[in-house]
Each structure stands twice: as structure tokens, then as C-alpha cells.
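Please open the model in your viewer and keep the selection tool ready. The tour makes three stops.

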Amino acid sequence: MARRRRRSKVVDMRGKRPINIDLVFFGAVALYICVICYMAMNTEHIAGYEVIAGSLAVNHTYTGLALREETVYTAETSGYVSYYAGEGDRVSGSSLIYTIDEKGEINALIRQNAENADLTDENFASIRGNIRSYMNEYDDMDFSRTYDFETSLQSSVMDLMNQNMLESLEDAGENTMFSRIYAGNIGILEFYEDGYEEVTADTVTEDMLDPSEYEKHNLKKELIQAGEQVYKLSVSENWSLIVPLTEEEAAGFQQEERKFMEVEFTRDHTRAWAEFSIKYVGATPCAKLDFNNSMVRFADLRYIEVEFMVEDEVGLKIPNTAIVEKEFYVVPREFLVEEGDEKGFMKEVYDENGQAGAEFVSMTIYYADEENYYIDPRESDFSTGEAKLPMGSFLIGTDSQERSQIGMSRTLQGVYNINKGYTQFRQINILYQNEEFALVEEGTSYGLTVYDRIVLNGEAVDEDEVIYR
């Protein structure tokens, strides 16, 4: 008899595990955080900026080319030279400038006697006065004045030595091989040449405006040949300074119709007035400053640094990063139509039968000049999403049968205003600009006002973009 199989009572406990709700929740939170972090790192952040009124610190310091009436004198004979006047001295026809000894014997005698010069108490008092004046005016930030002091002190000592030299000349008596050379005119004495002595405002070239390649040659020598340059005189207090400008600066001064300019010389912080005019040197606009004084203080310089004493403009201060350029259609002003509070234009349309008619299209005016209104080419109808005035559309005049076709465009500079929570282009007129900020005109039509909020990074947005969500 077959054995009866017994049923197994072992229950299989392997089955589906219950869902871990905590793990799912924290996983979802982690995924959400990762998505937020990714979006934060890859999304352009839109920051706002509040427009404020103020002035912009503009650097009005320039370096100009000095043009003077200068005469260079040459030696008539060869020989050994001794000098009796200092650089920067005002001389006349009776002033002894230098002597030439063709053999050198008398010149050696003069130098030997000059080394034995005795200084009086009055001489020492004069030298001490010069030193005391220099110490009172010393400035660590203007070390160049140290060299001016050195030159002045050397000139004072030379004047004292000259007294002994002149006595030695009388003791030496007459000698046909020894010549005394007196100043050829009245003027300021200098012992250098640079090749610019005959340059005028009409003959100056663009390369002369750059001081980096400038070379100045000392004319003082112990032995000189006949025909060589030996000294020069600046003979007139009338002189000019040619100062390179930017196109914007030149246009601003011309708009002001400026005729005179007060300047401060950075070398000694003195001020002077000059006749002012704009002159082009090649393609470079320049300010031409004509002075009738102060030449004596700068006869040793060809390039002079000055600061224009002009008042900085006051306007609306905005960061340069907010400034953008946008292209607009231009429409003649005579085509503007106003219906209630709306402004727009009469657009030529055609019905199903091809009959021409006119339809009023309201448009946002972004700027207006004397001849045209500026409208956005991409302004669209909210109901259809189509451009209100696509290129090629015709506008009809209300008081005449004149027509104007949409298509001519121009570019404006501006910023995006976000007062209403979305971006609106506002045109600006820049008065001055530095590396970080621009000063724009206040009170312009369709422009900015104080406390307006604008997009700090203008290139990151577009027109009608919602900012606050």
C-alpha cells in the first residue's frame, strides 16, 4: 500500500519588504537640494541697483607739449668753455653767458682762481635761505623738486664764483685767443636742445604729443667746436600748451563754447588762465592753451602736466555694468497719434477685399529727438503674440496722405528699469564716465529719475523680463 505523502507545513516567509517611507522622503529632499544647487550655480543672478544723484570723480590732469619762441645760438670759434650764467636765468644783451679760450691757458687760470673763492656772510645767508625754503616746502610725494633745488643751489654758487672769475679776466688782460660771449637777446637761458625749438601749433605732429620717445640733449661741454649749439633763449612770455584729449572731452568743451581755461601746474601747484580752443593734430583732438605768463617757470620742460580747473558735472550715478545698447525703429514725429492716454501710430491695413484702411496701434515711446520717435521692433500684441509694427509696415499721416515705411533703425544706450517688477528700457545721456561708473543726465524725457531701480548687470536680461516672482 503506497505511503501517503505528508504535506509540508513550512511557510515561506520570503516576500516583498514594506516601503521605507523615511528613506524615500530624505531621498526626495536630497534630490531637491541638488537641483536647487545646480540651478543656483548655472543661473545668472539678477541684482538691482538704486539710482542716486551725485557727481563723478573725473581725472582732469593732462600732459601737454609746450611750444615757445626759442632761439638756439652756436659757437663762432672752437675752444675751451667756461659758463657765467645759470639755467633759468633771465639775461639781456649785457649778460656774459660764456667765454671761449682757444688754447685753454687763460681758461685754466680762471678756474684755478675760482676755486679759491671766499664767501662772505651775506653769501652764506643767501645759501642758508635757499636751503630753509626748500626744507619748508619739501614733499615726499614730489621728489622732482629735489632736483630743482639742486639746480637753484648750483646757480647761486655759480653766481658767487663768477665774481672771482670776472676779476681773473681783468687780471688776464686782453688776449686775441680769448673771447667773451654775451647774450644774443633778452630771454630765459637754457643749456639744452631737443629739436622742437622751431615747432609751432601749425607744424606739430601726432608723434610729438607722446613724451615716451622724447630726448633732451645737454649743450654744456668743456670743449666746443665752431658751429656747435651752445645755449638757447626763450624770448617771449607768450607760449602755448598742446594737450591731447579724447573725442568725448573735446565734444564736451566745444558744446560749452569754452574760450578760457584755468589750469593748475602740478609741478609747483600754481594756477594760471589761458585762452582755450580745440585743435586737431592729425586725427587727435587737442586743447590749445595760450598763456601770456608763467613761461619762465617751465622753460626747462618740454612736456608739462596740468590740471584743468573745471567743475564736475552733477547728474545720476549708475554703474557701467548696467549700461546696454538696444536697436530701435525710428518714426518721424509727425506720424504720432494720441488717443486718450495712449500714444501710437496709424497703421495701413487691408480688408478681405483688398481695400486699404487705417488702424490705430498703441506703442511705447522709448526716446524722442528733434525729428523722430524711437519704438521697440519687438513690441507685440499680447492677444496674438505678433509684432505690432513688423518691418515693412506702412504708417499713414493723420493730416496728410504721407506714408512712412517701418524699417529704419538706430541704436540707443540705456539701462533696464525694474520699478514695476519687470524690465523696461530707459534711454540715457552719458555726461562723464570712468572705469566703474557713468554720470548720466537727469530730467530727460523717457529717462531715469532719482531712486529708480535698475538691473545691475544689464546684459543678463531683456525687455519685459519678469524680475520679481
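**Stop one: helix α1**

Select I36, which sits in helix α1 (residues 21-42); helices are DSSP runs of H or I, at least four residues, and strands are runs of E, at least two, numbered from the N terminus. This is a predicted model: local features need pLDDT of at least 70, side-chain atom pairs count only at pLDDT 80 or more, and totals for chains, interfaces and linings use all residues. Residues are numbered from 1 along each chain as its sequence is written, and side-chain values use heavy atoms, without hydrogens and water.

I36 is partly exposed, at 37% relative accessibility (buried is under 20%, exposed over 50%, partly exposed in between; 1.4 Å probe, protein chains only). Now add F25, F26, V29, Y32 and I33: with I36 they form a nonpolar surface patch of about 630 Å² accessible area together. Patch residues have over 30% relative accessible area and no salt bridge; nonpolar side chains are joined within 5 Å, like charges within 9 Å. A salt bridge puts a side-chain nitrogen of Lys or Arg within 4 Å of a carboxyl oxygen of Asp or Glu.

**Stop two: a charged loop**

Go to D207, in the loop between β10 (192-193) and β11 (217-218). D207 is exposed, with 57% relative accessible area. Add E206, D210, E213 and E215 to D207 to show a negative surface patch.

**Stop three: strand β25**

Select I375 in strand β25 (residues 372-375). Is I375 buried or exposed? I375 is buried, at 0% relative accessible area. Next, select F328: 47 residues from I375 in sequence, but 5.5 Å away, C-alpha to C-alpha. Beyond neighbours within four places in sequence, I375 has contacts (heavy atoms within 4.5 Å) that include F328, Y329, F345, M363 and L389.

Note on methods: Areas by Shrake-Rupley, 256 points an atom, 1.4 Å probe, with all protein chains shown as cover. Lys, Arg positive; Asp, Glu negative; His and termini not counted. Charge placed at Lys NZ, Arg CZ, Asp CG, Glu CD.
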